[in-house]
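Me: Hey, can you walk me through a structure? I'd like to start with how the helices pack.

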Amino acid sequence: MTESTSTSQPRNGQPHTPGTFSAGEALFASRTSWLLACVSGFLVLLAVVMALYGQKRYDTSATPKHSYSNHVLGHKALTSFLRQFNINVVRMHSPRRLVHAKAPLFLIEPIGRLTFDNKTISLSHVVKQRLDAGLSTVLVMNKWNRTRGPGKGDTYRRVSSVSIEFALNQMLPKTLSQQMSVFQERIERKSDGKKLEWTSLKEVWNPTGELASRKDQAQLSLSVAGPQFFSVLTPENWEVLLGQRNRALLLRYRNAQGGSLLLLSDPDLIHNFNLQRGENSVALLGMVRDVLKADTILVDEVFHNQVKQFSLARELGRFPRSLLVIHGLLLWLLFVWAGSRRFGKPVQLEQARQHGPKEVIEITSWVLVCGQKPSRLASLYVRRVLEDLAERLGLGHMGTPRQLEQIDTLAERWGTPPEAADLYNKAVALNQRQRASWSEVMRLVRRAWSFREKLLHHRSNQ
């Protein structure tokens with residue numbers, strides 16, 4: 001890009017007038033530039049809108065068993081239902097906080113072992129640590145496995161009793177897992193239009209334990225698909241809160257440290273599609289309020305393989321935030337492309353020769369003058385006006401004090417108020433000040449100019 005004060009010849013053949021600014025050839029035509037600007041602005045606005053408002057109601061990577069899944073086997077209804085009763089539900093994504101979290105922790109249909117950051121954490125270890133710390137834990141057993149059938153639909157198959165017992169050994173410490181057995185009916189739920197048969201249960205609800213009086217017990221009408229029960233072998237260590245000892249739905253274990261473990265055998269009681277059936281929701285609310293006595297619960301997502309690890313690269317790599325990275329790369333490529341070629345034609349040698357030392361000196365002096373403080377500029381201006389006035393009045397051979405005295409004498413003789421000495425003194429004082437307002441500076445400058453004009457005008461009329 002060049003700045004010229006002489007006549008130059010652009011590509012259209014019309015010369016520039018002196019003092020105009022020539023930007024040379026543009027990289028793009030005007031229409032192309034506007035088109036690129038509009039498209040870029042629209043893409044940036046779209047990326048921002050999608051990043052702020054484009055997120056779905058639940059994580060798309062969630063499996064049907066997650067607490068924010070809308071699937072029939074999910075548990076979003078559980079969290080929404082409890083929040084309606086002013087019970088705060090917090091999802092846990094940090095493995096390091098599971099052991100020390102004070103509020104009751106719900107482990108809903110979890111996996112038994114998890115590996116992250118080259119470390120392995122087992123569910124039995126978390127349960128044992130929480131029991132030793134005197135904390136409350138709720139473990140909901142698995143029930144359904146989703147498998148791909150021969151047709152178009154999915155098949156939901158019940159986990160066999162052998163797999164349930166194996167999972168229970170992984171989820172609980174050995175001292176607890178050896179005290180009970182699990183049994184269940186074997187059924188299959190297929191998506192071929194066959195209706196699922198629901199089982200109605202009349203189970204005893206006893207929130208204070210089996211040894212309580214019959215007055216504290218109530219009967220709930222529950223509804224599940226092929227119920228899954230616990231069978232307790234050592235009744236002295238367990239309390240049946242829902243059901244009977246040989247077919248229990250909800251058990252409680254308490255140790256000497258004050259920790260408690262609740263086992264819910266059938267997850268159908270709290271699934272999205274089943275929570276409203278019968279009095280399933282009453283059992284859930286009673287478990288939180290009457291048994292846990294909590295107004296805040298934690299729902300684990302770590303053992304659903306959703307460990308939350310904070311990573312800027314991972315967040316910027318996820319859609320739609322990845323659009324911002326793409327826009328940044330495209331902008332960088334545009335700058336590289338724009339800098340790879342010259343803007344405009346090279347300056348002609350004849351045009352460059354017209355700029356000599358005189359112009360350099362004028363520009364440099366102008367920059368030096370304009371770079372000073374207003375108070376110093378005004379002081380120099382007033383003194384230069386008085387010196388010029390003394391030269392024009394023929395007093396240039398005298399010293400400054402004598403010049404000021406003679407100028408004021410002539411001003412009195414010609415009927416003009418004498419201001420030379422006063423202006424000079426104020427100019428000196430203004431130069432010594434650190435700051436001065438523009439109004440004060442301009443008043444002094446105008447006084448000096450007006451005083452000079454009055455004397456010179458009077459002399460020219462004589």
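Reply: First, a term: a crossing is left-handed if the near helix is turned anticlockwise from the far one by less than a right angle, and right-handed if clockwise. Helices (H or I, at least four residues) and strands (E, at least two) are DSSP runs, numbered from the N terminus. This is a predicted model, where local features need pLDDT of at least 70, side-chain atom pairs count only at pLDDT 80 or more, and totals for chains, interfaces and linings use all residues. Residues are numbered from 1 along each chain as its sequence is written, and side-chain values use heavy atoms, with hydrogens and water left out.

Me: Ok, so which way does H12 pass H14, left-handed or right-handed?
Reply: Left-handed.

Me: And what sort of residues make up that contact?
Reply: Nine nonpolar, three polar and two charged. Ala, Val, Leu, Ile, Met, Phe, Trp, Tyr, Cys and Pro count as nonpolar, Asp, Glu, Lys and Arg as charged, and the others, Gly among them, as polar.

Me: New topic: where's Glu-109?
Reply: In the loop between strand S4 (105-108) and strand S5 (113-116). Its phi is near 45°, a positive value in a residue other than glycine.

Me: Is Glu-109 buried or exposed?
Reply: Buried, at 3% relative accessibility. Buried means under 20% relative accessible area, exposed over 50%, partly exposed in between (1.4 Å probe, protein chains only).

Me: What about Lys-293, buried or exposed?
Reply: Exposed, at 67%. Lys-293 sits in the loop between helix H7 (280-292) and strand S18 (296-300), and has a positive phi too, near 50°.
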